[in-house]
Amino acid sequence: MVSIRPCQIGDLMSMQNANLTCLPENYQMKYYLYHFLTWPQTSFVAEDDKGNVVGYVLAKIDENDPKRGHITSLAVLRSQRKLGIATKLMKQAEVALLEVFDADCVSLHVRKSNRAAFSLYHEVLKFKIDEIEKEYYGDKEDAYSMVLYLKPEVEEEKEREKQLEKINKAAKESIEAAKRSNEPQPVSNVIHGKKKNVKKIE
Amino acid sequence: MAPTKELTNKEITAIKNISKLFDDKKYSKGLKECNTILKNHPDNPDASCFKSLILYNLEQQYDARENALKTTKTLPTNSMAWHTLGYIYKLDKNYIDAATAFKNASKFNKESSQILKELAPLQLYSRDLEGLKETYATLLKLQPSYKPHWTGLVTTYHLMGQTKPALSVFERYLDTLEDKDLSGVKQTESILYRCMLHYELEEYDQALELLVNNEKKIIDKLWAISKHGDILLKKGDLAAAESKFRDLIKLNQDDLSIHKKLWESKNIKSLDNLSDEEISTLVSLYKELGSLYPKSLLIQKIPLLFLKDKQQFREHAVFYTKNFLSKGIPSLFNNLKCLYNNKEKVEIFSQLFLDQLQSLKEKQQLLGSDEKESPSTILWCLYYLAQHYDRTKDFSTSLSFINQAIDHTPTCLDLYVVKAKLYKHQGDLQKAYEEYDRARNLDLADRYLNTKCALYALRNNDPDTAEAIFSLIKDETQTLLFNIQEFQCIWYERELGKAYLRAGDNARAIKLFNLVDKNHLEYLEDQMDFHNHINKKLTMRSYIEFLRWEDQVYQNKPYIATGKAHVKAYLNHQNKPEVMAPLKKVPAIKKPATKPAQLEPKKDPNTGLTIPEDDDLNGKKFLVKQVNLMDSAQLILDNLLKNTNDIEIYSLACQVNTYQKKYLLVLKSLAKIKSIDENSPCYYDNLVNLVIKVSEDKEVSAIVKAAVEKQATFSSDVDSILVYNQTYLEKLGDNVTAQHRFVVGKIIAKLSPSSLDKALELILNVQGETDWKQCADNLQSLSLVSSELSSKYREKLHQQFPIANYFQPKVEN
Amino acid sequence: MGKNLIELGDLTDKNIGQLVLLNNTTLPVTYEEKFYSKLLSTGFVSKLAFFNDIMVGAVSCRIDQSQVEGELPSLYIMTFCVLAQYRNLGIGRKLLEFIEDLCKTDKYDKISLHVQVGSDAIDFYKKFGFTIESTINNYYRNIQPADCYVMSKKMTSTDEEKKEDNTKQE
C-alpha cells in the first residue's frame, strides 16, 4: 500500500532516484537539500511497503515573492498510477504552503504537450493558465505557467487588476490610434484604480 | 636568519597594486609583480600569498599548493600564510587539511573573527566538534551579539549529543538577542526546536508545555500535533494521544505512520501475534474510520493486515480488491505483496482470484456484485494471477496467465512488463529484456519505461543497448558517463559496473563503483554550501536532521548494494574466477550513428576552472595504482560494516581479512554471522576457508592459531578438517539445504583431490534449490577449485533452471 | 478516472507501436513498416481509441485527391479495427463518428474502403449508411475469401455541391 507523508531527510536520495526515472528535468542532491533546509514542511512523498519512494512533490516559496508558492517537481512512478497519488501529494503541499508560509497562490510549469499532467492540474486541481513561456524547457519546448489561488480574496484582487490592465491598455491604444489618424482625441477614459498596499517584504 | 630588507615605498605601492590586479583578474600581470618583489624579498608574505592564489587561478594548482606550503614553512608564525594555504586546500575540497591550516592561521591571529568564521564550517565538516565548540566560544567573545555564533554553538552541542547545554544556550540566545516580535514560521521554528530538544532530553512535561501554551502561534501544525501525540504516548496518556492522532488522520488519512501511532495509543505495539481482543478493537476502529473517510484506500487496506479469521479476511479482500479490478489499477499486486509472507493469506488470495476469474468468465460479474463488468476487468484479474503465481514460484502457471492476458488485450503495456519480470525471476535475462523492450516500443514517450528497459539491458550484460536506449532521453552534447555522474544517477553507475563485474572486467567495474563513491562524497561536501544559508533561515530541526543524515550517508541501500559489488570486484581481481557472464558481442540495439558534436571542456561550477579530461576510460590506470587490492577493499568495507546485519557483508569481510592475514578480524566477522544465523552455510564456508589459510600460513602466531581452532572446534590440519566436514551435514539434520551440500562438497574437492566423486555427488544434489543467483555465485567459486567439477555443476544447474541464461551450455566457436 | 471511459487520441511517432500491434493481432492482412512510416506524414489521418486508458481500436485513412479538377478530396479508410474483446462497446462508432465529423470540417466528399466478403464489418458499415459500390474478385492474395466489396458513403449532398458552385460564381 502507498503511504503519503511529509518528506524526511532520508527520503531525498529516493526522491532523486524517482525523479531521474520519471522526468527529464533532473537536479543534483544539493537542490533537494536546499528545499529541505529552507522549506521543510512543503514537500511530501508517497512510499510503498518496502519504504521505496514511489512518488513525491518538491515544493518551495518563490525566492523573489514570499507570497508565491511554487511546485518545483512532481512525479509518480508509472507502476503506481491511477491511485490519485499525485492529487494527494499536491493537496498536502498546497495546505502546507498556505498554512505555514501564508502563500497567496502556488504556481508551476507544465509542458504544452503533456496532456495527462495538464488535465490533472487544470481539471482536478483547478489550476488556471497564467501565461505561455516560450522555449522554457531545455529541449526548447514551450511551457504553460499555471497558477492556483489559495485565498479567494487575493484571487479576486488579481482578477480586478487584470481587468484594469486590459481596459487601460485598450484605452491607451485608442488614444494612440486617434493621434495617428489626427482625429479629435477622446476625453481620457483611462480608469485610475486603487493604489495597491505594498507590503514590506521581510 | 638573514636580515630582512625594508620595503621601499615603490615596493609598498607595488604590493597594493598586486591586490588590485588580483581583484581585476589580471593574473599574469599580478604574477609578474609578485615575482619582482620576491626577487628582492623572497620571504615577503603578501607577495608570496598572492602568488599562490594567482597560480591557482591560472590553473596551476600544483604549483599554487607547493608555493603556499613553502610559505608556511618559511613563515611558520605568519597567519596570512596559513590562511592562504587553508583557502587553497578549501578550493581543492580538501576540507580536513584546510581546517588544520585555518586553525594555525587563527593561532597566530587570535583577534581575527574572519579566520574563525571560515574555520567553523571546516571543523563541522571534519566533525571536529570539540574544536568547533572552542571556535564558537572564541567567536562569541569577539562578537557576542552576532546571532550565527549562537546558533552555531547550539548546533554543535546538539550534534555532540550534549542536548542540555544546547537547550540552555538556545534559550539564552532567544532571551537576549532574538526579536521579541518574531512571528510566523521563524517564531514557530524557535518554539518547535526547543520542543525537539526537551523531547530528546525526555523532558516531556516541558515539551508539552511549550506546545500547549503556544498552540495559536505554531503554524507547522503537522509536526506539532504529531509531537504532541508522541509525548502523550511516552507519558502513558493513551486516550489523549489517541485524540491527537485522530486529529492528524483528519488532515491526512493516508499516512501509515500515524495509523501505527494510533494503534499504539490503543496499546497495540505491533500487528504480530494479536490477541482476539486486540483484533476486535482494530475491527471496530477501522469500521469507524472507514465510515468517516470512505475514500481512503489505506483505511480500506489496513484490516487485511490484522484480520485473522479466514472468512472475514476473504470478505474484506473481496471488498478491497473490487475497485482495483474494475478500474484497472495495475498496482494491486504490489499493494498486497506485503501479505504474502503469510501462507494462509496466500491460499485465500489464490482461491479468491481464481473464483473472481470464474465469475467473470461465466457472468461477467465480480463476486458479490450485480454490475456487469467491462471487458478490461478480466484482463486485470489475469494480470494479478500471473504475478501471484510468479511470487509462489510457479513459473509455468504464471506464464500461462500472462499469455492469456496478452491474447485478451495485446496492446496493454503492463502485461509485457510483468512477463519480463517472470523471465527475470527465472534467470532468462535475454527474454526479460526482449519483453521489456516490447513494452517500451509501445510508448516511446514514457521515460519510466525507457529507464527500466535500459536497466534490463544492463542486467542482460548488454551495456551498448542500454546506452542506446538511455541516450534517447539524455543530453546528447555530453558523454553518457558525464551525464550519469553529473546527475548522480547512482543506479546506472552501479548496474553498469555490475555488468562489467560479471564479465570479468574488474577495472571498469571498479571505475564505475568509484563514481558512486564520488557521488556520496559530493553529498558530504554539500554540507559546506548550507552553513551560511542556515544562519539566515534558522530551520534548526531540519538542519540537525540533515547533519545526522550526513553522518550516515554511506548507510543507505543503494550504497550498500554498490559497496558489496565493489568489494567483490577487488576480490575477483585478486583470485580471478571464471567469468560469470560475458558482455553481449552484438548489442540488441546499435548506438545512434551520429557522434556527439565536439564536446566542450567542462568547467567546475564553483571555481570556474576546467575539469581535466578523463584519461583512464577503462579504469586500468587506477587499478595499477592500488598498492594493495585488499586494503582498498577494506576502505569500502569500513563503511559497509557500520550497523549492519547483512551476512553477505560479513562474509566479504571474512574473505578480505583472510587475504590480509588479519585472522582475528575474520573471527570477529564469523562470530557476527553465527549470531545472525548459526546454521548459515556462509559461516561454515568462511570458517573452513580461514582454518585452511591458517594451516598454510607458516608465519601465523601460535596464539592466533589456537584461537581459530577453538572457534572451529577442530584442528587446522587437512585430516581433521575432512573428518569434521563429514559430520557437518549430519549435525544439521533437517536444516540441510542444497547450499550446505555445495559447501561441504567444495571443501572435499579442495582438500582431497582423490575424492572428487564424493565431492561431485554432494555438489550435484541441488534438490530444493530455487535461488539461481546463489548458484551462479557458487559456479564462480567452484571454478577456482576445479574446472572439471564446475562444468559438471553447470550442466546440472541447466537442468534445474532450464531457461536461466548463465547455465546454458557454452557455445563452442 | 471513470469506468468504461472511451477516449480518442492522436497517433504520434511515440505510440505508433501500439497501432502496429493492434493491426497485426486483429487484421487478417499484415502491413509493412513502409506503410506505418507514411501514416505520420501529410495526406493521412489516423485516430486511436482508448478504453480505460488502454488502446483497443484505431482507424487510419488516406486523403485521396480527386481526379476531376474542382472536386473535393475523399477519405479512404485503410485500416479500421477494434480488439475482439472490446467490440460492441461503441468504440467503432466513436471512431467512425470522428471520421465523419472530419469530413464535415475539412470538406471531404466521401469515405470509401475495401472490406472482405463475409466480414462482420459489412453490417457495421451498413448501419452507418455505407453502401456496397462494387465487388472485386481476388483482391486479397493470401487470405480466403479473396474477394472484397468496395463500400462508400457520400458525405457531401448534391445540394451542397450546388451551393459550392453558386458561391463560386458570385
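1. A good place to start is the strand pair β5 (residues 110-116) and β7 (residues 148-154) of chain C: the two run antiparallel and are joined by seven bridges. Within this pairing, Leu113(C) sits opposite Met151(C) of β7(C). Please keep in mind throughout that this is a predicted model.

2. That pair belongs to an open sheet of seven strands in chain C, ordered β1-β2-β3-β4-β5-β7-β6, with mixed pairing. Why do β1 (6-9) and β6 (131-136) of chain C each have one side without a neighbour in the sheet? They stand at the edges and have a single partner strand each, so one side of each is left free of a sheet neighbour. On average, neighbouring strands here are turned by 25° against each other, direction ignored.

3. Two helices of chain C are worth viewing against this sheet. Helix α1 (residues 16-26) of chain C lies across β2 (44-51), β3 (54-64) and β4 (74-82), and runs at about 95° to β3(C). Helix α3 (residues 91-106) of chain C lies across β1, β2, β3, β4, β5 and β7, and its angle to β4(C) is about 165°.

4. As for the record, an unreviewed UniProt entry annotates residues 6-156 of chain C as "domain: N-acetyltransferase". In the model, that span is 27% helix and 34% strand, and its end C-alpha atoms lie 28 Å apart.

5. Turning to chains A and B, 59 residues of chain B are in contact with 45 residues of chain A. The area buried between these two chains is about 4500 Å², and carbon and sulfur atoms give 57% of it. Which three residues of chain B supply more of the area it buries against chain A than any other three? They are Arg447(B), Tyr448(B) and Trp549(B), which supply 14% of that area.

6. Now to the nonpolar cores. In soluble globular proteins, nonpolar side chains tend to be buried together. The largest core in this model has 305 residues, among which Tyr121(A), Phe349(B) and Tyr492(B) touch the most other members. Helix α22 (residues 375-391) of chain B gives the largest share of this core, with 10 residues.

7. Phe349(B) deserves a closer look. Apart from its neighbours within four places in sequence, Phe349(B) is in contact with Phe313(B), Ala317(B), Leu336(B), Leu339(B), Tyr340(B), Tyr384(B) and His388(B). There is also a second, separate core of 54 residues, with Ile692(B), Phe742(B), Ile747(B) and Leu760(B) among its members.

Conventions:
Residues numbered from 1 in each chain as written. Chains lettered and ligands numbered in written order. Predicted model: local features only at pLDDT ≥ 70, side-chain atom pairs only at ≥ 80, totals over all residues. Heavy atoms only, no water. Core = buried A, V, L, I, M, F, W, Y, C linked by side-chain atoms within 4.5 Å. Buried < 20%, exposed > 50% of the residue type's maximum accessible area, 1.4 Å probe, protein only. Helix = DSSP H or I, 4+ residues; strand = E, 2+ residues; numbered from the N terminus. Contact = heavy atoms within 4.5 Å. Pairing = 2+ DSSP bridges. Axes fitted to C-alpha atoms, helices over the stretch in contact; angles between N-to-C directions. UniProt positions renumbered as here; feature names shortened; annotations may be inferred. Buried area = accessible area lost by both parts, 1.4 Å probe.
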